[in-house]
Amino acid sequence: MRVARITTTDNPYDPFDDFDKWYLFDESRGYGTTGYLGRVVKTSNELSDADNQEAIEVAIDSIIDLHPTGIYRKVVRNVVEEFVA
């Protein structure tokens with residue numbers, strides 16, 4: 001499944017692999033990127049994981065489009081879904 005994350009161009013940490021460090025850097029700069037994304041994205045428990053990921057990516061794209069200065073960028077990975085019984 002394709003999974004997207006948002007980051008700022010100056011954040012040296014990977015939001016996938018080093019989320020805690022990424023988050024601390026983001027908050028210490030006053031960006032509040034996770035909160036911003038949370039206010040923009042339209043997800044639901046009623047949607048599939050794939051549909052929620054698509055909604056997240058659409059929200060990330062809209063944030064990037066709203067900030068033409070280029071402060072935000074998207075990081076994308078293909079993640080294998082794990083089946084949990």
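In the predicted model, isoleucine 71 is in contact with Thr7, Thr8, Thr9 and Tyr31, when its neighbours within four places in sequence are left aside. Isoleucine 71 sits in the loop between H3 and E2. With a relative accessible area of 23%, isoleucine 71 is partly exposed, because the partly exposed class runs from 20% to 50%. A separation of 20 Å lies between the C-alpha atoms of isoleucine 71 and aspartate 20, which are 51 residues apart along the chain.

One of the contacts of isoleucine 71 is Tyr31. Tyrosine 31 belongs to the loop between H1 and helix H2 (33–40). The relative accessible area of tyrosine 31 is 25%, and this residue is also classed as partly exposed. Not counting residues up to four places away in sequence, tyrosine 31 touches Thr8, Asp10, Asp26, Ile71 and Tyr72. From tyrosine 31 to glycine 70, the C-alpha to C-alpha distance is 14 Å, and the two residues are 39 apart in sequence.

Threonine 33 is part of helix H2. Its relative accessibility is 1%, and threonine 33 therefore counts as buried, the cut-off for that class being under 20%. With residues up to four places away in sequence not counted, threonine 33 touches Ile6, Thr8, Trp22, Asp26, Glu27 and Tyr72. Thr8, Asp26 and Tyr72 appear among the contacts of threonine 33 and also among those of tyrosine 31. Thr8 is in addition one of the residues in contact with isoleucine 71.

The fold as a whole is described next. Three helices and two strands make up the secondary structure of the chain. Along the sequence, these elements follow the pattern β-α-α-α-β. The radius of gyration of the chain is 13 Å, close to the 12 Å given by the globule rule for 85 residues, so the chain is as compact as a globular protein of that length. Taken along the principal axes, the box filled by the C-alpha atoms is roughly 40 × 25 × 20 Å.

Buried residues account for 28% of the 85 residues of the chain. The accessible surface comes to about 5,800 Å², and carbon and sulfur atoms contribute 51% of this area. When contacts between residues at least 6 apart in sequence are considered, 53% of them join residues at least 24 apart.

The charged side chains comprise 9 positive and 16 negative ones. The centres of these two sets are 6 Å apart. Side chains of opposite charge can pair when their charged atoms come close. In this chain, the count of salt bridges comes to five.

One of the salt bridges joins the side chains of arginine 77 and aspartate 17, with an N to O distance of 2.8 Å. Arginine 77 is in strand E2 (residues 72–78), whereas aspartate 17 is in the loop between strand E1 (2–8) and helix H1 (19–28), so this pair ties together parts that are 60 residues apart in sequence. The partners fall into separate accessibility classes: arginine 77 is partly exposed at 29% relative accessibility, and aspartate 17 is exposed at 53%.

Strand E2 also holds lysine 74, which forms a salt bridge with glutamate 57, the closest N and O atoms being 2.8 Å apart. Glutamate 57 lies in helix H3 (residues 49–66), and the pair links distant parts of the chain, 17 residues apart. Lysine 74 is partly exposed, with a relative accessibility of 27%. Glutamate 57, by contrast, is buried, with a relative accessibility of 13%.

Lysine 74 has a salt bridge with aspartate 61 as well, where the closest N and O atoms are 2.8 Å apart. Aspartate 61 lies in helix H3 and lysine 74 in strand E2, so the pair ties together parts that are 13 residues apart in sequence. Aspartate 61 counts as partly exposed at 30% relative accessibility. Through shared partners, salt bridges join Arg2, Glu57, Asp61 and Lys74 into one network.

Key:
Residues numbered from 1 in each chain as written. Predicted model: local features only at pLDDT ≥ 70, side-chain atom pairs only at ≥ 80, totals over all residues. Heavy atoms only, no water. Helix = DSSP H or I, 4+ residues; strand = E, 2+ residues; numbered from the N terminus. Rg over C-alpha atoms; globule rule 2.2 N^0.38 Å. Buried < 20%, exposed > 50% of the residue type's maximum accessible area, 1.4 Å probe, protein only. Contact = heavy atoms within 4.5 Å. Areas by Shrake-Rupley, 256 points an atom, 1.4 Å probe, with all protein chains shown as cover. Lys, Arg positive; Asp, Glu negative; His and termini not counted. Charge placed at Lys NZ, Arg CZ, Asp CG, Glu CD. Salt bridge = Lys/Arg side-chain N within 4 Å of Asp/Glu carboxyl O.
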